[in-house]
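Here are a few exercises to work through with the model open in your viewer. Try each one before you read the solution.

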Amino acid sequence: MADIAKLVEELSKLTVLEAAELATALEEEWGVSAAAAVAVAGPGGGGEAAAAEEEKDEFDVILTGDGGKKIQVIKEVRAITGLGLTEAKGLVEGAPKPIKEAVNKAEAEEIKGKIEAAGGTVELK
């Protein structure tokens, strides 16, 4: 039991991006899909709210803060949006503001991971 507690403690230290990479590596190693495991487990207590969230196929990626790493976040916003330096700086300094709107879930998660890796905070709506 102590080994499991230690493993949980170590996994809790992972960033979102690292956790996603871990999930992918485990899927490849074990030849399974995390999505299949969730489908077998069935829906939790979320009920209608969880079903409504699953149906949503377009997301707005909202920058909520720069996490004290404004320069890195500005660089990442420029790379994602193609904005110029002044526009990207204005977007980051004016947070919360949308980075991209009406994107699919995969792209929204990818953008969120990039911004969080740069030090910023993001919300998907």
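A contact here means heavy atoms within 4.5 Å. Keep in mind that the model is predicted.

**Exercise 1. Get the overall picture: which elements are there, and what share of the contacts with a separation of 6 or more comes from residues 24 or more positions apart?**

Step 1: run through the secondary structure, and you get 7 helices and 3 strands. Going from the N terminus, the order is α-α-α-α-β-α-α-β-α-β.

Step 2: take the contacts with a separation of 6 or more; residues 24 or more positions apart account for 68% of them.

Step 3: look at burial and surface. Of the 125 residues, 18% are buried. The protein exposes about 8,700 Å², with carbon and sulfur atoms supplying 56% of that area.

**Exercise 2. Work out the strand order of the sheet and why strand 2 and strand 3 each have one side without a neighbour.**

Step 1: recall that strands of a sheet pair through backbone hydrogen bonds, either parallel or antiparallel.

Step 2: apply that here. The sheet is open, its 3 strands come in the order 2-1-3, and the pairing is antiparallel.

Step 3: check the edges. Strand 2 (97-103) and strand 3 (121-124) each have a single partner strand, so one side of each is left without a neighbour in the sheet. On average, neighbouring strands are turned by 20° against each other, direction ignored.

Step 4: zoom in on one pair. Strand 1 (residues 59-65) pairs with strand 3 over 4 bridges, and V61 has L124 of strand 3 as its bridge partner. Helix 7 (residues 105-118) packs on this sheet and touches strand 1, strand 2 and strand 3. The direction of helix 7 makes about 165° with that of strand 3.

**Exercise 3. Find the nonpolar patch on the surface and say which helix gives the most to it.**

Step 1: pick out the members, which are L7, L11, L14, L22, L26, W30 and V32; together they have about 620 Å² of accessible area.

Step 2: assign them to elements. Helix 1 (2-12) and helix 2 (16-30) are the ones that give two or more residues, and helix 2 gives the most, with 3.

Step 3: test one member. L7 lies in helix 1, and its relative accessibility of 51% makes it exposed, since the cut-off is over 50%.

**Exercise 4. Count the salt bridges and classify the partners of a few: buried, partly exposed or exposed?**

Step 1: the count is 6 salt bridges.

Step 2: take K100 and E107, whose side chains meet at 3.5 Å, N to O. K100 has a relative accessible area of 27% and is partly exposed; E107, at 28%, is partly exposed too.

Step 3: move to E110 and K114, which meet at 3.2 Å, N to O. Both lie in helix 7, 4 residues apart, or about one turn of the helix. E110 is partly exposed at 46%, and K114 is partly exposed at 36%.

Step 4: try E123 and K125, with 3.3 Å from N to O. E123 comes out partly exposed at 35%, as does K125 at 48%. Elsewhere, salt bridges that share partners join K70, K89 and E93 into one network.

Notes
Residues numbered from 1 in each chain as written. Predicted model: local features only at pLDDT ≥ 70, side-chain atom pairs only at ≥ 80, totals over all residues. Heavy atoms only, no water. Pairing = 2+ DSSP bridges. Axes fitted to C-alpha atoms, helices over the stretch in contact; angles between N-to-C directions. Patch = residues over 30% accessible without salt bridge, like charges linked within 9 Å, V, L, I, M, F, W, Y side chains within 5 Å. Areas by Shrake-Rupley, 256 points an atom, 1.4 Å probe, with all protein chains shown as cover. Salt bridge = Lys/Arg side-chain N within 4 Å of Asp/Glu carboxyl O. Buried < 20%, exposed > 50% of the residue type's maximum accessible area, 1.4 Å probe, protein only.
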